[in-house]
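Okay, thanks for coming, everyone. I'd like to walk you through one model today, starting with the whole chain and then stopping at a few residues.

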Amino acid sequence: MVTNDEPARILVVDDEEIALNNLKHVLKKEGYEVTASQSGPRALYLLEENMFDLVLTDLKMEKVGGMQILKRTRELYPDTEVIMITGYATVDSAIEAMKGGAYHYIAKPYKLDEVRKVVREALEKTRLKRENSRLREHLKAFQGDARIITDNPGMKKLLATAGQVATSDSNVVICGESGTGKELLAQFVHSSSNRRNGPLLSLNCGAFQEDLLANELFGHEKGAFTGAVEMKKGLVEMADGGTLFLDEITEMSPAMQVKLLRVIQEKEVMHLGGVSPIKVNVRFLAATNRNLQEEVKLGHFRQDLFFRINVVALHIPPLAERKDDLPLLIQHFIRKYGVLMHKEVRNIEPEVVDILLRYDFPGNVRELENIIERGVALASGDTIEVGHLPEDLRDASFHTFRRKSGGIPSLADQERAYIEWVLREHGDNKSLAAQVLGIDRVSLWRKIKKYELEG
């Protein structure tokens, strides 16, 4: 590896013993770890057994030449640079070497200063390429297959259910407040299904007017309307063999709901301006932050479409109901944005965690991610501090309440939650809690019994 702590490992290959020993001597004096080989076959063996940060090889050698060594190095270690050295300097051989992926081409007799300079530059390029490779691997962890970070028993049960549903090919509705991760759960269902090798396409139904939504979903024929200069496939057709995720499905107009219902029932789609239906094999996942059954009762969502799309319902709880996930999520986002921003942020002040634990996150996981992203961006050291939080969050003395079933909590809900919080904040000291609440101990005791806060 090319690091600041370990010497770079260099393989030198030359069938001329004097030239080989000279290069070995010069490079060792520079502090590199040098392995020398006087034959091409031996060099290939060494490459199979060891990873080198740089290879310097003669071009013309018996049995195995420099181009073969270059080719094998490229196959085994794409990030390792190769420098060609030869006494047969021609334009053609230089072009061939560079086309094969050689970093540089040095002709004998060479100047040692030139060799030192080219070696330093090649090793720096190797270091950068490997650093980029590591970055790509880190990013895969954040941008690849769906990874839902949780240690919450309810969420684990939800994921187990989602995993079972995934293989059934049934249509699924995912419910939850904005920012809870509905699209991420849809990705999880798709990647756990038999359709994982097919496409996963998504569309926010609230982002388009009705005509544009129809065009996006169903596509059109050439000449179907002014500006339709060529045929366009819709997302339903493009998702054939895979999954189509419809976010905010309750934003879809009644007319569009009818068209979608037909696609689901008949398993076929018709282009705008088309005359022949096209058979499709698509699984539908939908998401909404509303109560879909309530939308049906209010007449905003078709009951027949509800039964077709809502074969299985998965509900993601708000972050406020799974605060035990906060430490995991915080560390996950710190790592993510540390990688993306090339920053060595690894820690977070306990005071920051305390503030976040007392906050109810109306924007859910998405809001937490934004807060941590901001913290990493502002951190000058390796720690997110209170001063890196948004001003309204760090300066507020707050506690908010929410009903577990969603919606606006009742006065009784508010009172119960407030008393429960005050007791918890004061270590269940009822005398102190009563003083803070402005009531006597007997009144507090009655309310504790009323709201079943003991036991």
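Let's begin with charge. The protein chain carries 62 positive and 68 negative charges, and their mean positions sit 2 Å apart. For that count, Lys and Arg are positive and Asp and Glu negative, with His and the chain ends not counted. Each charge is placed at NZ of Lys, CZ of Arg, CG of Asp or CD of Glu.

Before I go on, the small print. This is a predicted model, so local features need pLDDT of at least 70 and side-chain atom pairs count only at pLDDT 80 or more, while totals for chains, interfaces and linings use all residues. Residues are numbered from 1 along each chain as its sequence is written, and side-chain values use heavy atoms, with hydrogens and water left out.

Now the overall build. How many helices and strands does the protein chain have? There are 19 helices and 16 strands. Those are DSSP runs numbered from the N terminus: helices are H or I with at least four residues, strands are E with at least two.

The radius of gyration of the protein chain is 32 Å, whereas a compact globule of 455 residues would come in near 23 Å. That radius is taken over C-alpha atoms, and the globule rule is 2.2 Å times the number of residues to the power 0.38. Along the principal axes, the C-alpha atoms fill a box of roughly 95 × 75 × 40 Å. One pair that shows a long span is W445 and P41: they are 404 residues apart along the chain, and their C-alpha atoms are separated by 87 Å. W445 belongs to helix α19, residues 441-450, and is partly exposed with a relative accessible area of 48%.

On burial, 44% of the 455 residues are buried. Buried means under 20% relative accessible area, exposed means over 50%, and partly exposed is in between, using a 1.4 Å probe and protein chains only. The chain exposes about 24200 Å², and carbon and sulfur atoms supply 50% of that; the areas come from the Shrake-Rupley method with a 1.4 Å probe, and for residues only the protein chains shown count as cover.

Contacts next, meaning heavy atoms within 4.5 Å. Of the contacts between residues at least 6 apart in sequence, 69% join residues at least 24 apart.

V365 gives us an example. It's in helix α15, and its C-alpha is 5.6 Å from that of G179, although the two are 186 residues apart in sequence. Beyond neighbours within four places, V365 touches G179, T180, L319, R322, L329 and F333. V365 counts as buried because its relative accessible area is 13%.

Just before that helix there's a backbone oddity. F361, in the loop between α14 (350-358) and α15 (364-378), isn't a glycine, yet has a positive phi of about 50 degrees. H342 does something along those lines, with phi near 55 degrees, in the loop between α13 (326-340) and β15 (347-348). So, which of these is buried and which is exposed? F361 is at 0% relative accessibility, so it counts as buried, while H342 is at 62%, so it counts as exposed.

Over to helix α7, residues 182-191. Its buried residues are K182, L185, A186, F188, V189 and H190. They pack against α6 (153-166) and five strands' worth of neighbours, including β6 (172-175), β7 (200-204) and β10 (243-247).In the loop between α6 and β6 we find N171, which is buried at 11% relative accessible area. A polar atom of the N171 side chain lies 3.2 Å from the backbone oxygen of R308. Setting aside neighbours within four places, N171 contacts I264, R283, F284, R308, I309, V311 and V312.

A couple more stops. E295 sits in helix α11, residues 292-297, and is buried, with a relative accessible area of 8%. Outside four places in sequence, E295 is in contact with T250, R290, H300 and F301.

Last one: T383, in strand β16, residues 383-384. The side chains of T383 and D382 are joined by a polar contact of 2.9 Å. A polar contact is a pair of N or O atoms within 3.5 Å; within protein, one must be able to donate a hydrogen and the other to accept it, and residues adjacent in sequence count only if both atoms are side-chain atoms. Not counting residues up to four places away, T383 touches V345, N347, I348, E349 and H388.
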